[in-house]
Structure formats: C-alpha cells, structure tokens
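Q: Let's go through this one at the bench, asking what each label rests on. Ready when you are.

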Amino acid sequence: MASESARMSSAAEARFRIDAPNSKGRAIKIIALDAPAERVVRRLAQASWNRASFFTASAFAGPPASGESFSMTGWLSDVAGRTKNLIDDVACADLIVMVATAGENAHAATIIGEAASAKRVNTTGLIIGGAGKSDEALAKTLAQLRPWSLMLVIAGADDYVEDMLVALRA
Amino acid sequence: MLRKEQNDLLTQTGPGTPMGQMFRCSWIPALLSEELPERDSPPVRVKLLSERLLAFRDSEGRLGLIDEFCAHRGISLWFGRNEEKGLRCPYHGWKYDVTGQCIDVPSEPAESGFCNKIKLKSYPLIEKGGILWTYMGPPEKRPPEPSWEFASVPDKQRFVSKRHQECNWLQAMEGGIDSSHVSFLHRGDLGSDPLFKGAKGNQYNLGDARPVFEVVESPGGLYIGARRNAENGKYYWRITPWVMPSFTMIAPRGNHSVHGHFWIPIDDENCWTWSFDYHPIRELTAAEVAAMREGKGVHVALIPGTYRPTANKDNDYLMDRAAQKAGHSYSGVAGFAMQDASVQESMGPIVDRTKENLVSTDNGIIMARHRLMRAAKALVEKGITPPGVDPEHQKIRSVAIVLPADVPYKEGAKEALIAKPGVAPATV
C-alpha cells in the first residue's frame, strides 16, 4: 500500500492529514517571584490566554531555617490581589512557571518547588533581566531556582516569557 | 506552537524573505571540495536558498558559483564545457568566467564589446576545511571568512560529509537542539557506535534518563545544557552550542572526535545536512575515518555517486522491526543520523507548527525560534547584522564537564566553550 510508505510524507499528501484538534488546554500557572518579575507578569496578565493564570509570590516568607520542619503552607496573590492557597493552585496545574529577575531574591522557589514536587507537577524557571547584571547576581538567583526547576531558562529579554507561553498554548 | 505567519517567516529562505536575508549574511557551506576535485573538472549543479546555481573550478583553479542558466536562451550550463578559463555553453558557444561575466559570444564581432554587456548573477566561492563556502548577500556586506574551529584544523584532524534531507531546514535544525530526544530515539547506540562508545560520560547518560535542561542565551545564539547527576553531589553537563542560524555542536565523549552540523536550505522543502567530526589536538585515526565513511556516528552511508542516504524514504529507511522489538535499536532505523532524518522527514516537507503541542523541555526550540524571529526583524527593519556572523561567535566548542551543583555552567565552562587552537577540549 502506497499510503503505508514513508514516501507519502510529501507536500501533496499533507492535504490528507486529519484536521481536528489534538489537545486540550493545559492549566499553566505563572508565578512572579520578585517585584520586577511581578511587573512583567502583571503586564502579561492583561493579554488573552487559554488557561494561563498569573500570580505573585514576591511577599513570601523565606524558606525554613535549618532544623525547622518544612511547611508547604504558603499563599499566593493573583494579579487582582486576591489571596490564593499555594497547594490548591499547584494541585490543579499542568505546569508551574516561576519567573525571577537576575539578582533578586527567589527564595519563594523553594516552597513552590516543594509543593510542585509533592503534587507531581512540572516546573519551569525563567530568569529574566540578566543583561547588565553581574555573574554573581545571576548565580545567586540561579542557585535558588535550579533545585526546583525541571527546565531553566535564562533569557536576555522579558519578551521571551510571552513567546514561551504562546508556544506552550498557555 | 507557532502562528502560520511565524512558521512561514522561519521556514521560507528564498530571495527577499527575512530568513533568506539572514542566511545571506553569512558564509554557508555550498559543496564539498571533493565535488570540484581539480581544475576544469565537470561543473556541479547547486541549489541553495531556492536559487539554481552552477559551481565550477576553472583552468587556473579559480572557483565560481554562477546562475545555472545561460543568458542567451536559458539552457543549463551544466551541459557546458569547462575549459580555457571559463565555462562555454554548448548550444551557441557563449562563454562565462567564474564571476559570471560573459567573455565570448562567437556570433558577435569581438570588437563590438557585446559580451561585456552580459553577466550572470554570481556569488563568491572559497575553499576552507574541505568545504567550498559561499556568501550570497550584498557584496558590500561580505563578512570575514568562516572561523569555525573544525574548518581551521589540519585536514587530518577532520572529516566532513553531507547528505540530502527531504524536509525544511528548520525542523532538521530543531532536531539538533532538541536534547531531550536522545534518551529515546538514540537509546542503544551510545554503547555500540564506535565513535561514541567507551566514554565515561556515557555512564552518566545511561544512569540518568531524565536530564534537566538549562537554556542560556549566548552572543551567537544559545547554549543548551543537559544536566545529569554525577558523583559527590556534582552535576555532569553536556553543553550544546547553537550559533545562528543553523550551526550546532554535540558535546564530546571521552577522547572521541567532536561532531556537529550545519543545516543549509536547498529550497523550502529540502536541505543539506552537513556533518563534521574533528579533534582539536590530534589526527583522526584510520579506524575513525573508516567508520565515518561507513556511516557511523553522525554520518550516513550514501548511495554511490550521490549524497542521498542509502536508507531513505523510498525504502522506509530500511526499518528493522525485529531489531526494534529486540531492543537493539529503539527506533528500528540504524544509525544516529538516519534515526534523526527519518523522524524529521516523516513530519512532512514543512511541518505545520500550528498543530504542535510543545512542552517545557522544548524551551531550547522555543528560544531558538524566539531569537531567530527577533534577529530577522532587526535585520529587515534596522539592518542589524544577526548573531553568528561575527567570527568571534564562531570560535566556539561544545563541552562535557562535571561541575559543582551551584555553579552556572556558563561560568563553570566559560573557557572550555571557547575554541582555542592546540588546546584539548573539555570532555568526560
């Protein structure tokens, strides 16, 4: 059968590809970890998205000190300022995107990452604003995000966040 | 996913297109030196960036890449006679030099100067590292000659091949920066291929099937780092540099040679996959070169007299279901290169990216597209030279390295990522 051959991967044959939806929307939660990242996330939230929702964790307390028991209890804020339970929001997500700014404190990544790990939700870390920042500043933020990011991107420009979310059908 | 207009922008490289302009900013591989082996050897038809061209080496050894068709009646000059410092059309005898300048029109009196009024479009063609490179952009913006390390080492330290790939350049190139496919498509070959096996790094690869990826922008494009656990809390990193628009290098393994690729558009539905192996500080062994000629590593076995792979879409890539079932080959297709080509060609000539469902581990691809679109826009709207043209962007290496857990690999491998003549590569 000709149709069973790899030869049928031609432009003409492409006309016969099934044209039907092949996926359902994914719930993607985008969380700003610091104040500059929050500005980017707030701007992005103004656009139209499929199932993306936007939060800030910039007011999170630091991770527990050495010897203290760990608690994943934490609170997010959505862009309207409403308080959200971290665990509840992570539990219903398909992907958590943490946005941090190079040189800023990204300690909230620990709590969010623990929650995502407990709920078996993938995480992506995005570090923006690296251009013009020292290597040390970048390394500090990177060290906080790396243990909790299954994918980590260091982007030179803020507009990458939007391009990535569009690419992921957020 | 991409919107249709974005997909069109990135995949179309003919004259006047934004991505076509980007490819026309750099020296690109056009032919292997072996294709024009001697003075007055037969001319070779070359299609690049959707332009039909003809390459020849004249009686004085000068190289030319000119419009394929005679200005008189439009016949292909491939039928021409390459002799006496030019290429003569067999139809009515019009003759052209390597710049495309017509130097003889037998039917017209020489003193009329008519032939001076005839000139075919031509592009410079230079030889370096076993490759004939061309620059298809505006003459006034001709960049410095290519500075890739593999093309700069002595001939005995290098092996280069090319193969026809029957799909758009972008989906082929995206395979080169899609590090997460290695654990599946190429599973089984790391331990058997003579150009890969035996390296300590393979143990890290096989011991940790779920690498974590970090994508970092570089001056010329990207670094894509794949991280796996090593001993004592350290990380084993494999760092793939991508230099715009279509160069990548695969991280080395032990003392094996280092390999990489260019993907150069023939037209929008075909490309050349260029594959090279080299070692920065030693000659390749006879056994290594023999393996490369046989199609091991990143190379392929070719149909004799052509650059078409022996395994191709007409024979279903010699799919071996028994080997697939037995686990000798994860995909059933033999060899790294054809494993890649088979899946990429199966996507169709130009994959419809409006239908794809990318995931987080595809960020290398997403970032590459982002950078290409941004650079194309800057080039078209502001005339800004894209990354990758600067010779410094080309002096780059892939790296395999073990680093402490808290070190940014771009810092930890900073020196190793720069090609330095005579310096051994960082490899595990």
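Q: What makes the place of B:Gln165 part of a strand?
A: B:Gln165 lies in strand β12 of chain B, residues 158-165. Strands here are DSSP runs of E with at least two residues, helices are runs of H or I with at least four residues, and both are numbered from the N terminus. Bear in mind that this is a predicted model, where local features need pLDDT of at least 70, side-chain atom pairs count only at pLDDT 80 or more, and totals for chains, interfaces and linings use all residues. Residues are numbered from 1 along each chain as written, chains are lettered from A and ligands numbered from 1 in the order written, and side-chain values use heavy atoms, with hydrogens and water left out.

Q: Why is B:Gln165 called buried or exposed?
A: Buried means under 20% relative accessible area, exposed over 50%, and partly exposed in between, with a 1.4 Å probe and protein chains only. B:Gln165 comes out at 0%, so it counts as buried.

Q: What makes the link between B:Gln165 and B:Arg163 a polar contact?
A: Their side chains are joined at 2.8 Å. The cut-off is a pair of N or O atoms within 3.5 Å; within protein, one must be able to donate a hydrogen and the other to accept it, and residues adjacent in sequence count only if both atoms are side-chain atoms.

Q: Which residues does B:Gln165 touch, not counting residues up to four places away in sequence?
A: Among them are B:Trp263, B:Cys271 and B:Glu345. Contact means heavy atoms within 4.5 Å.

Q: How do you know that B:Cys167 has no disulfide to B:Cys271?
A: A disulfide is a pair of cysteine sulfur atoms within 2.5 Å. The closest cysteine sulfur to that of B:Cys167 is in B:Cys271, 5.0 Å away, so that's too far for a bond. B:Cys167 also counts as buried, at 0% relative accessibility.

Q: And why is there no bond between B:Cys70 and B:Cys89?
A: Here the sulfurs sit 4.0 Å apart, which is again too far. B:Cys70 is buried too, at 5% relative accessibility. Over all chains, the structure holds zero disulfides.

Q: Why is strand β1 of chain B called largely enclosed?
A: Six of the six residues in β1(B), residues 27-32, are buried, so the rest of the structure largely encloses this strand.

Q: What makes β1(B) and β11(B) a pair?
A: Pairing takes at least two bridges found by DSSP. Five join β1(B) to β11(B), residues 131-135, and the two run antiparallel. Within that pairing, B:Pro29 stands opposite B:Trp133.
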